[in-house]
Amino acid sequence: MRILVCDDKPSQCDRTMQAIGERGEVTPLAGVGMKEALKGLFEGISQLLNGNGKSDQWECPAEFRDYDVAIVDNDLTVLELEGARLTAETIIGYLRAFTEIPYIVSLNKNLHVDFDLRYLFGDYQSLADLALNTKHLRNGRLWEAEATEEFSPWYWPRLAEAADRRREQVRFLESRFEEPVWKAMGFPVEAEEYLSLRAKSPLSSTGLDAREASFAVFFEGSRTLPPSEIEKLKDLALKKADFARKAVRRITAYEVDRWLRRDVLGTQDVLIDLAHLVAQMPFLLGGKAGDLGCWNEVIACRERPFGLDGPLFEAHLEPARFEHWMWVPGPCFWWPALKANEVLTERFFEAEGDWPDAVFCEDASRFVSVTVDADAESLKEFQAEIEGSWARRYIVEAGEYLYSPRSRILGGVT
C-alpha cells in the first residue's frame, strides 16, 4: 500500500510515519515541499476551471500521483498558502476531486475523541473518508484482518481494502451516473419504509420520488468544493471534459459511500452486516449457535456461506444478499427481506434460548457474553444518534481511550 503523509511540520510528519511503521510504502510531503506541491495543484485547478489552459495537457503534480491513501494532518497553521484554501478540510476536497488518490484520512482533527458514540461513523463533519488521531495509526485494526487490539472500532475500515473499494466505486459510476440509485443498488421495494428520514433526504432533494433520484443528486449536494466550483465541474462534465467527468465521479463515489455507511448500513434497518445479523438471528449458525467463539469467527468471514449454516444461507440469505460489494466493508443483506421471511421467523422461535446471552461490542468488534465473559463487568449500553430501531448498542469500554459524547452512555449491562 502506497501512503502519502501530508503535514506542514516535518517533525510531526516523522511521528506519523513512525506510527504507521512497516505497514506500507510511506512518502512524506511536509513543510516547503507540501506548500509548493499544493501551489502547483491549485494553479492547475484554477486553469482548468476558468478555461485558461487546455485540460488535455494538464497533469496532476507528481507529488500526488500513484498513492492509495493520503493522510492529511488537520493543523496546517504553519503552511502559508494564500486565499481561501488554508484549512486541511478544503485541501482534502481538492485532493479528492483533482487527484487519483482514492482514500483520504484526516489526522488529529479531534484529539479528544477516539470512539464516536453518536453516529458510529467517526467525525461526521469531516470531508475525509476517515478521521483518526496519530496514535490510532499503530492499531492493527486499520491494517490487517487478524488484528488483536482490544480497541477495535467496528466502523473503522481496513485502509487497503477501503482504497480498492473506492476505485471500484468510481468504476461502478462510469456507466450508472444518470441511473436511479434505487435501481442501480438493487433496493427492494419494501426498503422504502425502513429508510430513515435522513437517509431519504438526499434522494428527495430535487422533489423527485426517492426511487427515481439518480446519483447526480449526491454530486450536486456535495460540500466537497465551494458551490460555484461544483457548478463549474457539472457544466464542464456535460461538455465532455475528461478531467471534470472524473472529478464528478470521485466526489459522487465519496458522497454515496458516506451516505450508505452512516445512514443506510449504520442503522442496520435496511442493510445489515454479518455481526449484527448474528446478534439478531444466532440460529443462522446452525449447530454452532451455542458456541460464542463461532459467533466471533463469523465476523471475519469473507467467503460464502460466511460461517453460517449452508442450507439456511443458500435458501434464505443468498437471495437477500447485497450484491454490490464495493459499497460495503463486508457481506451485507437486505434486512426487510429477512425480517419478513416466515421460515426464518419460525426457526428463530423454535431455537430461542439455545444460544449464549451475548451482545456485539462496537468498540471491540467482538461478541461478549453478558453472564460468563470476563469482560461482562465493563459492558455498557449506549444510545447512538441514529434514526432507526437499533439505536441502542454496546461497548466494552477501553479505559485509555476517549468515548464521546459520554452523555450517550446509559450504564452497565445486567
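Leaving aside neighbours within four places in sequence, which residues is Phe187 in contact with? In this predicted model, Phe187 is in contact with two tryptophans named Trp182 and Trp259, with a further one, Trp334, and with Val181, Leu195, Val264 and Val270, once neighbours within four places in sequence are left aside.

Phe187 also belongs to the largest nonpolar core, which holds 75 residues, and is listed with Phe64, Phe98, Leu233, Trp259 and Trp327 as the members that touch the most other members. Helix α9, spanning residues 242-264, gives the most to this core, with a contribution of 11 residues. A second core, separate from the one just described, consists of 34 residues and includes Ile3, Ala30, Val69 and Tyr401.

The packing of two helices was examined next. Helix α2, formed by residues 31-50, and helix α8, formed by residues 227-238, have axes that come within 10 Å and cross at roughly 60 degrees, which makes α2 oblique to α8. On the side of α2 the contact is made by Leu48, Leu49 and Asn50, whereas α8 provides Glu229, Lys232, Leu233 and Leu236. When the residues of this contact are divided by character, four are nonpolar, one is polar and two are charged. Leu233 thus appears both in the contact of α2 with α8 and among the residues of the largest nonpolar core that touch the most other members.

Strand β4, made up of residues 103-107, contains Ser106. This serine is buried, with a relative accessible area of 0%, and, not counting residues up to four places away in sequence, Ser106 touches Val72, Asn74, Glu89, Ile92, Ser126, Ala128, Leu130, Ala131 and Leu132.

The cysteines were considered last. A search of the whole structure finds zero disulfides; Cys301 is in no disulfide, and the nearest cysteine sulfur, which belongs to Cys294, is 9.7 Å away, while a disulfide would require the two sulfur atoms to be within 2.5 Å. Cys301 is partly exposed, with a relative accessible area of 23%. For Cys361, the closest cysteine sulfur is likewise that of Cys294, but the separation is 18 Å and therefore too far for a bond. Cys361 is buried, with a relative accessible area of 0%.

Terms used
Residues numbered from 1 in each chain as written. Predicted model: local features only at pLDDT ≥ 70, side-chain atom pairs only at ≥ 80, totals over all residues. Heavy atoms only, no water. Buried < 20%, exposed > 50% of the residue type's maximum accessible area, 1.4 Å probe, protein only. Axes fitted to C-alpha atoms, helices over the stretch in contact; angles between N-to-C directions. Helix = DSSP H or I, 4+ residues; strand = E, 2+ residues; numbered from the N terminus. Parallel < 35°, antiparallel > 145°, perpendicular 65-115°, else oblique. Contact = heavy atoms within 4.5 Å. Nonpolar A, V, L, I, M, F, W, Y, C, P; charged D, E, K, R; others polar. Core = buried A, V, L, I, M, F, W, Y, C linked by side-chain atoms within 4.5 Å.
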